[in-house]
Amino acid sequence: MNAYSIIIKPHVTEKTMNLIDQNNEISFVVNREANKGQIKRAFEELYEEKVARVNTHITTRGVKVAYIKLVEEEMAEELAVRIGVF
């Protein structure tokens, strides 16, 4: 899979906005077949930022959401501004 087919779009809710500020995490809707390693590589390729860890969750609607924690402090907020979340 290529990076654009793995990471679909940012996932924005009140909870994810708090995660950006408090935990340096950003969340994306991802391809349901992608595993954590593929999501990490795709994110690093697309946004050129180092990833500390990836957690995934499948919602009750069947959408897979990846919570991506970044290595550099305050980088999630800068990335959110860069991609237009704020």
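A residue counts as exposed when its relative accessible area is over 50%, and as buried when that area is under 20%. Keep those two cut-offs handy, and keep in mind that this is a predicted model.

**Stop 1: Lys-15**

Select Lys-15, which you'll find in helix H2. Buried or exposed? Its relative accessible area is 53%, so Lys-15 is exposed.

**Stop 2: Asn-31**

Now jump to Asn-31, 16 residues away from Lys-15 along the chain. Draw a line between the two C-alpha atoms and you span 21 Å. Asn-31 sits in the loop that links E2 to helix H3 (36-47). With a relative accessible area of 16%, Asn-31 falls under the 20% cut-off and is therefore buried. What touches Asn-31, apart from its neighbours within four places in sequence? Show Met-1, Ser-5, Ile-6, Ile-8 and Lys-64, and you have the contacts.

**Stop 3: the sheet**

Switch to a cartoon view and look for the strands. Four of them make an open sheet, in the order E1-E2-E4-E3, with antiparallel pairing. At the edges are strand E1 (7-10) and E3, each of which pairs on one side only. Going from one strand to the next, the twist averages 35°.

In general, it is backbone hydrogen bonds that pair the strands of a sheet. Side chains in a regular strand alternate between the two faces of the sheet.

Next, colour E2 and E4: this antiparallel pair is joined over six bridges. For a landmark, pick Val-30 and look across to Lys-64 in E4, which stands opposite. You have met Lys-64 before, as one of the contacts of Asn-31.

Now bring the helices back. H2 packs on the sheet, where it touches E2 and E4, and its direction makes about 140° with that of E2. Helix H4 (residues 75-83) packs on the sheet too, touching E1, E2 and E4; here the angle with the direction of E2 is about 45°.

**Stop 4: the hairpin**

Move over to strand E3 (residues 51-58) and strand E4 (residues 64-70). How many bridges join this antiparallel pair? Seven. One to look up is Thr-56, whose bridge partner in E4 is Ala-66. E3 and E4 form a hairpin, with five residues between the two strands. Click on Gly-62 in the turn: its phi is positive, at about 85°.

**Stop 5: Glu-25**

Go back to strand E2 and select Glu-25. Glu-25 has a relative accessible area of 8%, so this residue is buried. Who keeps it company, once neighbours within four places in sequence are set aside? Glu-25 is in contact with Leu-19, Ile-20, Arg-53, Tyr-67, Ile-68, Lys-69 and Ala-76.

**Stop 6: the cavity**

Last, look inside. Searching the whole structure for cavities of 30 Å³ or more turns up one, with a volume of about 40 Å³. To see what lines this cavity, select Pro-10, His-11, Val-12, Thr-16, Ile-20, Ile-26, Ser-27 and Val-85. Helix H2 (14-23) and strand E2 (25-30) are the elements that give two or more residues to the lining. What classes of residue are these? Five are nonpolar and three polar, with no charged residues in the lining. Ile-20 may look familiar: this lining residue was also among the contacts of Glu-25.

Technical notes:
Residues numbered from 1 in each chain as written. Predicted model: local features only at pLDDT ≥ 70, side-chain atom pairs only at ≥ 80, totals over all residues. Heavy atoms only, no water. Pairing = 2+ DSSP bridges. Helix = DSSP H or I, 4+ residues; strand = E, 2+ residues; numbered from the N terminus. 1 Å grid on protein atoms, 1.4 Å probe; cavity = no way out; pocket = protein on both sides within 12 Å on 5 of 7 lines; lining within 4 Å. Points joined across faces, edges and corners; volume = space filled by probe spheres on them. Nonpolar A, V, L, I, M, F, W, Y, C, P; charged D, E, K, R; others polar. Buried < 20%, exposed > 50% of the residue type's maximum accessible area, 1.4 Å probe, protein only. Contact = heavy atoms within 4.5 Å. Axes fitted to C-alpha atoms, helices over the stretch in contact; angles between N-to-C directions.
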